[in-house]
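Welcome, and thanks for taking a look at this one with me. Below are a few numbered points to help you find your way around.

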Amino acid sequence: MFSKFTSILQHAVEALAPSLPLQEDFVYHWKAITHYYIETSDDKAPVTDTNIPSHLEQMLDILTQEETERETGETGPCMEYLLHHKILETLYTLGKADCPPGMKQQVLTFYTKLLAHIRQPLLPHINVHRPVQKLVRLCGEVLAAPTENEEIQFLCIVCAKLKQDPYLVNFFLENKSRKSDTKSPERAEQVKAPDTGQSGAESQAGSPEEPQNAAASTSSPASSNSSNYNLVTSLLNLTKSPDGRIVVKACEGLMLLVSLPEPAAAKCLTENTELCELLTGKLVSFYKALPQSIDPLDIETVESVNWGLDVYNLKEDAAVFTGKRALISFLSWLDYCDQLIKEAHKSAATVMAKAVRERFFVSVMEPQLMQTSEVGILTSTALLNRIIRQVTSEVLLQEMVYFLLGEERDPESPGTVAKNPLRHRLIEHCDHLSDEISIMTLRLFEQLIQKPNQHILHSMVLRNLEERNYLENKPQEEREPLENGQPHDAVDLEEDPLFGDDLSPDSRLSGSDWLSSSPPQSPEHSKPDGKTEVHKIVNSFLCLVPDEAKSSYQVEGTGYDTYLRDAHRQFRDFCGVCQRWDWRGNPKPFEKCNLDVPFFEGHFLKVLFDRMGRILDQPYDVNLQVTAVLSKLSLLPHPHLHEYLLDPYISLAPGCRSLFSVIVRVVGDLMLRIHRIPDFTPKLLLVRKRLLGLEPEGITIDHTTLLEGVIVLEEFCKELAAIAFVKHHAAASSSP
């Protein structure tokens, strides 16, 4: 009580007394603090019962006022006094001893406000960065300490200063060998009276160290494997705080540090701290906290999560679905890992992404995806789909793709499809006995195709089309005349009036300049009548389904034009993604192709074509997902993929099939089955209206699966026609 009265009296005297010069006032307040320790014997009284907080506040106000009154960059006498008399060193010692109780909190606040309010660079001064470095080591030592809030504020302001001047981080990379020297008399003397490294007048002026020399002296130990990065260590300790706000602040500080462009700091970050362990450890623990079974729809539709912003209510979350809180926590931390790797220095990002791959994807997720329990497969596949959707970091995406698909780049063969067990299992799941697993895995691949990563498309499809060995390359007289003069596996286009008039290679839609960055078409590849060509191709797809199996013309709003708008938008988006990839505008010339190698469409396309061939016997939802994946592949602006999926006029090599040939076989099967179903057309129309919600569900209709398959087939052919038209139009527009 008496001390508070003294403080009030002191403020009153200061208000009435004539103002002293700033330096005298500053020295007065500092000496008042030092006199307390000389005169006071009771060191158990809390610091809040003394005048120390008031004097420290006054010193800060004086320093701020002094800087305001002077020109930018000029050091005033008060700041020189603080630097020369090593006031920060003394305060650090008092804070470490926490004498009187609560002094550590006051010291942390003083340091934080000093760095935040003073505009001139202070950290280059040895009498600033050395005590700051020591104080950093005190932070996070005790979990849930009463000074946690002040500690995190102090650490974050240091991180912010390093973000402004990244070279300063070299002051915070400490050689571990220094710790072993602290017992020597010389080192002990340095701790008591730190050497400023300056002589007389320079020391009086409080001038900073030369940045180049400082960086050189401190970065040399960082180049070895014996450097401490105590700033990171303290922040990592504070991420374990039970206070969520402290954890978020610590994560923000780490985000600032990983983005610093200094290579020595990036190396030290990954080699000498536990940052990778923190990222992967929490990711694994959050994943393992998830329920064994979650509805895939809940996983897909749970709101987008940004780390640090997930406000939650346990009762509300539990009422929505069991495990929502655990799912949001996992996705939130995944978002943090993704953003951290995205912002990090390139070398640090690579190390962190590899750690996530090895310690989370390989160790935890792979066994989940390889299990035999259908419930487990469905949940883990849905979670993987959500992870793929959420990841935006190029480096983390690359590691995830290598985990899922492998790093192989050579063409597949039937004997090598099982070389990567996880890749093989995932593709096989596209044709699983469980329709739910098939649909979810197809969605996963649809999501993967749309990610901006070239290796995905190369691994899944393009590596098998590089040599164009799906094309017939033998002269006409050498071809096998097995059935009606054609190979038994070829599609007999002459039986279709659409293809009887012109089967020459010149009628094909040539490879085109899909991307604006690709080289223009050469004159010998240009065609005199491009519109006729695209007209033929569009009609090839539109007329594939016979008239008696069509029903869209009887329902409004289901015309071909709706697909044109969607195809135009999606193709534009794909071009934006693929533009930076080295995709040639025209197919690889025949003379440069190795056509003697037997063609294998690859495991992924094989499963898709097999599924497409069973479209009349599969559930409606499965058919929708199969055609969705195939349409995404057809939209890709790669000339070989376009030729293989969208050109009906190519002459296939013996034993090969294309998307068009698969559909032709389905139509052939359909023509045989139509005549066995009485009232086929009215039933087909009724099923279409029910699917559109135009007719209520009524009596059960026979052959519903086949009828729904016919409707999907018709719509898919219209979609392929629209894609072919849009791609041709885009190529024509970009050609000179």
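1. Of the 736 residues in the chain, 51% count as buried. Please keep in mind that this is a predicted model. The accessible surface comes to about 34100 Å², and carbon and sulfur atoms account for 52% of that surface.

2. For the overall architecture, expect 33 helices and two strands. Taking contacts between residues at least 6 apart in sequence, 79% join residues at least 24 apart.

3. Helix H4 is a good place to zoom in; it covers residues 77–84. Buried residues in H4 are Cys78, Met79, Tyr81, Leu82 and Leu83. What lies over them? The cover includes helix H2 (22–39) and helix H3 (52–69) on the earlier side of the sequence, along with helix H5 (87–97), helix H6 (103–117) and helix H7 (126–138). An α-helix has 3.6 residues a turn, so residues three or four places apart point the same way.

4. Staying close to that region of the sequence, look at Lys86, just after H4, where phi is positive at about 50 degrees. Then follow the chain to the loop between H5 and H6, which holds Pro100. The peptide bond leading from Cys99 into Pro100 is cis, and its omega is near -5 degrees. As background for both spots, most residues other than glycine have a negative phi, and most peptide bonds are trans.

5. Two further loop residues deserve a glance for their backbone angles. Ala144 is not a glycine, yet its phi is positive, at about 60 degrees. Ala144 sits in the loop between H7 and helix H8 (148–164). With 47% relative accessibility, Ala144 counts as partly exposed, because exposed residues need over 50%.

6. The other is Asp679, again a residue other than glycine, with a positive phi near 55 degrees. Asp679 belongs to the loop that links helix H31 (659–674) to helix H32 (680–691). Is Asp679 buried or exposed? At 54% relative accessibility, Asp679 counts as exposed.

7. Finally, turn to the surface charge. Which residues gather in a patch of negative charge? They are Asp295, Glu374, Asp435, Glu436 and Asp621. One of them, Glu436, lies in helix H24, which spans residues 435–449. Glu436 has 54% relative accessibility, so Glu436 counts as exposed.

Note on methods. Residues are numbered from 1 along each chain as its sequence is written. This is a predicted model: local features need pLDDT of at least 70, side-chain atom pairs count only at pLDDT 80 or more; totals for chains, interfaces and linings use all residues. Side-chain values use heavy atoms; hydrogens and water are left out. Patches are made of residues with over 30% relative accessible area and no salt bridge: like charges are joined within 9 Å, nonpolar side chains (Val, Leu, Ile, Met, Phe, Trp, Tyr) within 5 Å. Accessible areas come from the Shrake-Rupley method with a 1.4 Å probe; for residues, only the protein chains shown count as cover. A salt bridge is a side-chain nitrogen of Lys or Arg within 4 Å of a carboxyl oxygen of Asp or Glu. Lys and Arg count as positive and Asp and Glu as negative; His and the chain ends are not counted. The place of a charge is taken as NZ of Lys, CZ of Arg, CG of Asp or CD of Glu. Helices (H or I, at least four residues) and strands (E, at least two) are DSSP runs, numbered from the N terminus. Buried means under 20% relative accessible area, exposed over 50%, partly exposed in between (1.4 Å probe, protein chains only). Contact means heavy atoms within 4.5 Å.
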